[in-house]
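Colleague: I have the model open and a few things to ask. Can you walk me through it?
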Amino acid sequence: MSVPEQPGRAPDLGVLTGLRSGKRSYYPAYVRSTERLERTVEALDGISRALVRTAEGPRALVEAVVRTAAEHLQARWLLLAVADGALRAARPRFLLYADDVLIDDETHVPAEVREHLRVLRTRPWEAASPHNGPGWVRAPMTLDGEPVGGIAAQPGAGVEVADTDLAILRVLANQAAVAVHNTFLFHAAATLRGRTEELSEAAERQARDLAARKAELAETQARLLDAMQRQALDDERRRIARELHDSVTQYVLSAGMTVEVCRAELESLGGRAKEIAEQLAGAKDLNRQAVERLRAAIYALHRTSQEPAGPLPVMLERLSTVHLTTDLDVRVRVDGSPLPLPGEAEQSLLRLTGEALFNSATHGRAGRALVRLRYLPGSVVLTVSDDGGGDPAQLRRALRLARATDLSGRHRGLANMLARTEELGGRLSIRRSRMGGVLLRADIPLPVPEQRGDRR
C-alpha cells in the first residue's frame, strides 16, 4: 500500500528521503532512503554547527559550510564561491576544499576547478537550478531570490548524487549567504557603535579643550585689561609731566629769575627800595619751593607703575598721591560692592577726579578733600568734596559761560568734566559740601554705554 501524499509536505519528504512507497518489496529502496536520511540528518547537524559559528566571523562560517558539504558528498574537492559584485564585504571570496586542505589563493587552484570558479564568479545564474554533470555537481547560492554565487564539487567514488544531496547543497549555500550577510551587518553595527563611542569621547575631549581654551581666553582678556589700564594711567602721568615741565615749570622759573633781577636792582638803590627788595626775598623763597614741588611731581609722574592698574578704587588711591601737592590731604572712600566697568569709563572717571582735586588744591586752596565712590544697584556715584573757599554758585555760572562763550579756556576743566560725564550717560552737579567747600557729584547709570572717543 502506498503512503498518500500530504499537500505541501509529501513532495519535500520524498525529495529528502527518496522513498515513495512503503511496500516491503521496496526494501532495497528503503535501505537506500534510510542511508540518505541519515546523511541528511548529519548534513543538517553540520549546518547547525556552522551557523552557531557566525559570531566567530565569516571566515569560520564559510570553512564550516565547506567542510560539512564536502563530508556530505565525500567529495575529492568542493568549491564555494561568491559572484563578482555580490556580498561585497564577504571574505574570503572563494574557498576550496581539496585533500583535506582549505585553499583561498587562486594560484593554487587546480586546473580542473578553475572553470567552475569562473562560472560561479561571472555566471552564477547557470547554477540557478541544481544539477550535475560528468564527475561534478553544482548548486546555487541565492539571497532574496538573486544568485550570489554557488557550490561546485566532485563527489567521491561510488557516491550517487540524488535530489536529496542537491537540496542539501542548496540549503548549505543559501544559509552561508544569509549568515555571511548577517555577519557583515553585525560587524558593521559593532563598528558603528565603536565609532559612535569614539565620536562621543572625542566630543567630550573637545568640550574639555574648549572649556580650557575659554578659561585661558578669559584670563588673557583680564590681563590685557589690566595692561590697558596700566598703560592709560602711565600715559596720563607722562602727559601731565610733559605739560608741567614744558610750560608750568618754565613759567615759574622765569618768574623766579625776574624776581631775583628786580630784587638785586632794588638793593642797589637803597632806602625804601631796599625794604621792597627784602620783601621780594620771601617771594623768591616761595618760587623756589614751587619749583621743587614741580620737580618732585614730574619725577613721580614719570615713574611707570609696575603693579597692575587694578580696579577703579585702587586707581583713585594712586591718583590721590601722584597728581596733587603735598598740602592737600586726600581720603578715598568706597561704598558698596565694586563691579568692573568698561576700561574707557573707568579712565574717564579717573580723569574727572584728577581735575576736581586739582581745582580743589589750586583754585579752592583746600587743605582736605574726600573722594567717595558708591556702587548702587542701578548706578555709580562719584563725589569729590573739599574744605576750600570755592563758591558752588559761581562755579555753576562759570560752567554755563564756559560751555557757551568761553574762548580763552579759563574754565575748560569744568567743561571737560561735564563732557566726560555726559559721554557716560550721566549727570554732573555742583553744590556746597559739608566740609564747607565745593562738592562735585557725577551720577553714572548702569550699564555704562560705549564711549565714542577719548577726551583729553
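Modeller: Accessible areas here come from the Shrake-Rupley method with a 1.4 Å probe, and for residues only the protein chains shown count as cover. By that method the accessible surface of the protein comes to about 26,400 Å², of which 54% belongs to carbon and sulfur atoms. This is a predicted model, so local features need pLDDT of at least 70 and side-chain atom pairs count only at pLDDT 80 or more, while totals for chains, interfaces and linings use all residues. Residues are numbered from 1 along each chain as its sequence is written, and side-chain values use heavy atoms, with hydrogens and water left out.

Colleague: How many helices and strands are there in the protein?
Modeller: There are 10 helices and 11 strands. Both are DSSP runs numbered from the N terminus: helices are H or I with at least four residues, strands are E with at least two.

Colleague: And what percentage of the residues count as buried?
Modeller: Of the 456 residues, 39% do. Buried means under 20% relative accessible area, exposed means over 50%, and partly exposed is in between (1.4 Å probe, protein chains only).

Colleague: Where is the largest nonpolar core, in terms of elements?
Modeller: A nonpolar core is a set of buried Ala, Val, Leu, Ile, Met, Phe, Trp, Tyr and Cys residues joined through side-chain atoms within 4.5 Å. The largest one has 35 residues, and Leu312, Leu349, Leu373 and Met417 are among those with the most contacts inside it. Elements giving two or more residues to this core include helix H7 (312-322), helix H8 (343-362), strand E9 (379-386) and helix H10 (412-423). H8 provides the largest share, six residues.

Colleague: What does methionine 417 touch?
Modeller: Leaving aside neighbours within four places in sequence, methionine 417 is in contact (heavy atoms within 4.5 Å) with Leu352, Glu355, Ala356, Asn359, Leu428 and Leu440. Apart from this core lies another, of 33 residues, among them Leu61, Leu73, Ala75 and Val180.

Colleague: Changing topic. How many salt bridges does a search of the whole structure find?
Modeller: Nine. A salt bridge is a side-chain nitrogen of Lys or Arg within 4 Å of a carboxyl oxygen of Asp or Glu.

Colleague: Which residues are linked in a network of salt bridges?
Modeller: Arg333, Asp335 and Arg372. Aspartate 335 meets arginine 333 at 3.4 Å, N to O, and arginine 372 at 2.7 Å. The pair of arginine 372 and aspartate 335 links distant parts of the chain: arginine 372 is in strand E8 (residues 368-375) and aspartate 335 in strand E7 (residues 329-335), 37 residues apart. Both arginines are partly exposed, arginine 333 at 42% and arginine 372 at 25%.

Colleague: How far apart are the closest N and O atoms of glutamate 219 and arginine 223?
Modeller: They are 2.5 Å apart, in a salt bridge. Glutamate 219 and arginine 223 are four residues apart in helix H5 (residues 163-269), so about one helical turn separates them. An α-helix has 3.6 residues a turn, so residues three or four places apart point the same way. Glutamate 219 is partly exposed at 41%, whereas arginine 223 is exposed at 57%.

Colleague: Now H4. Which of its residues are buried?
Modeller: Val113, His116, Leu117, Val119, Leu120 and Arg121. What covers the buried residues of H4 includes strand E1 (77-82), strand E2 (94-98), strand E5 (136-143) and strand E6 (146-154).

Colleague: An arginine on that list. What does arginine 121 touch?
Modeller: Not counting residues up to four places away in sequence, arginine 121 touches Val82, Ala83, Asp84, Phe94 and Glu106. Its relative accessible area is 18%.

Colleague: And arginine 118, which side chain does it make a polar contact with?
Modeller: The side chain of glutamate 115, at 2.4 Å. A polar contact is a pair of N or O atoms within 3.5 Å; within protein, one must be able to donate a hydrogen and the other to accept it, and residues adjacent in sequence count only if both atoms are side-chain atoms. Arginine 118 is partly exposed, at 37%.

Colleague: Last one, backbone. Where is the cis peptide bond?
Modeller: It joins leucine 446 and proline 447, with omega about 0°. Proline 447 is in the segment after E11. Aspartate 99 also has a positive phi of about 55° although it is not a glycine, and aspartate 99 is exposed at 69%.
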